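Me: I'm new to reading structures like this one. Could you walk me through a few features, starting with the general idea each time?

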Amino acid sequence: MYRQVFTPTIGDISFSIPPSWYGQQIEVIAFPLTDTRQEPDKDLVAERRRKLIENNKKYSVSFKEIGFKFDRDEANNYD
């Protein structure tokens, strides 16, 4: 049995299953727990935020640096 309790912050959630379950039928059940509230670990939140900022810096693109200029007339030309 695999159980994980968490508080989702977005609507799309993904999780990994153990390799020993590959090729087998599995059941996924999700329901809210009303009697318990689990606060996220502050160190984990800080680490995830640091990684997010790091990835944003690594993969962000400045359109001014590459010489892009938006041309509204070109964007609205549907011919």
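Me: Let's begin at the surface. Which residues form a nonpolar patch there, and how much accessible area do they have together?

Reply: One thing before we start: this is a predicted model. To find such a patch, you look for nonpolar side chains within 5 Å of each other, on residues with over 30% relative accessible area. Here the patch is made of Tyr-2, Phe-6, Ile-13, Phe-15, Ile-26 and Val-28. Together they have about 590 Å² of accessible area.

Me: Take Tyr-2 from that patch. Where is it found, and how exposed is it?

Reply: Tyr-2 sits in the segment before helix 1, and that helix covers 42-59. Its relative accessible area is 42%. Since partly exposed covers values between 20% and 50%, Tyr-2 counts as partly exposed.

Me: And Thr-9, is that one buried or exposed?

Reply: Exposed: Thr-9 has 78% relative accessibility, and the cut-off for that label is over 50%. Thr-9 is also found in the segment before helix 1. If you compare it with Glu-74, the two are 65 residues apart in sequence, and their C-alpha atoms are 39 Å apart in space.

Me: What about Asn-76, where does that lie?

Reply: Look in the segment after helix 2, which spans 72-75. Asn-76 is partly exposed, at a relative accessible area of 44%. Between Asn-76 and Tyr-22 there are 50 Å in space, C-alpha to C-alpha, and the pair is 54 residues apart in sequence.

Me: Now for pockets. What is the volume of the largest pocket, and which residues lie nearest its centre?

Reply: With a pocket, check its volume and then its lining. The largest pocket has a volume of about 1,700 Å³, and 35 residues line it. Nearest its centre are Gln-4, Val-5, Phe-6, Thr-7 and Ile-13. By type, the lining divides into 21 nonpolar, six polar and eight charged residues. You've already met Phe-6 and Ile-13, which belong to the nonpolar surface patch too.

Me: Last topic: how many salt bridges are there?

Reply: The general idea is that side chains of opposite charge can pair when their charged atoms come close. In this model the count comes to two salt bridges. Glu-47 forms one with Arg-50, where the closest N and O atoms are 2.7 Å apart. Glu-54 forms a salt bridge with Arg-50 as well, at 2.8 Å between the closest N and O atoms. Those salt bridges share partners, joining Glu-47, Arg-50 and Glu-54 into one network.

Me: How far apart are these partners along helix 1?

Reply: Glu-47 and Arg-50 are three residues apart in helix 1, so about one helical turn separates them. Glu-54 and Arg-50 are four residues apart in that helix, so they too are separated by about one helical turn.

Me: Which label fits each of them for exposure?

Reply: Glu-47 is partly exposed at 31% relative accessibility. Arg-50 is partly exposed at 42%, and Glu-54 is partly exposed at 38%.

Notes:
Residues numbered from 1 in each chain as written. Predicted model: local features only at pLDDT ≥ 70, side-chain atom pairs only at ≥ 80, totals over all residues. Heavy atoms only, no water. 1 Å grid on protein atoms, 1.4 Å probe; cavity = no way out; pocket = protein on both sides within 12 Å on 5 of 7 lines; lining within 4 Å. Points joined across faces, edges and corners; volume = space filled by probe spheres on them. Nonpolar A, V, L, I, M, F, W, Y, C, P; charged D, E, K, R; others polar. Patch = residues over 30% accessible without salt bridge, like charges linked within 9 Å, V, L, I, M, F, W, Y side chains within 5 Å. Areas by Shrake-Rupley, 256 points an atom, 1.4 Å probe, with all protein chains shown as cover. Salt bridge = Lys/Arg side-chain N within 4 Å of Asp/Glu carboxyl O. Helix = DSSP H or I, 4+ residues; strand = E, 2+ residues; numbered from the N terminus. Buried < 20%, exposed > 50% of the residue type's maximum accessible area, 1.4 Å probe, protein only.
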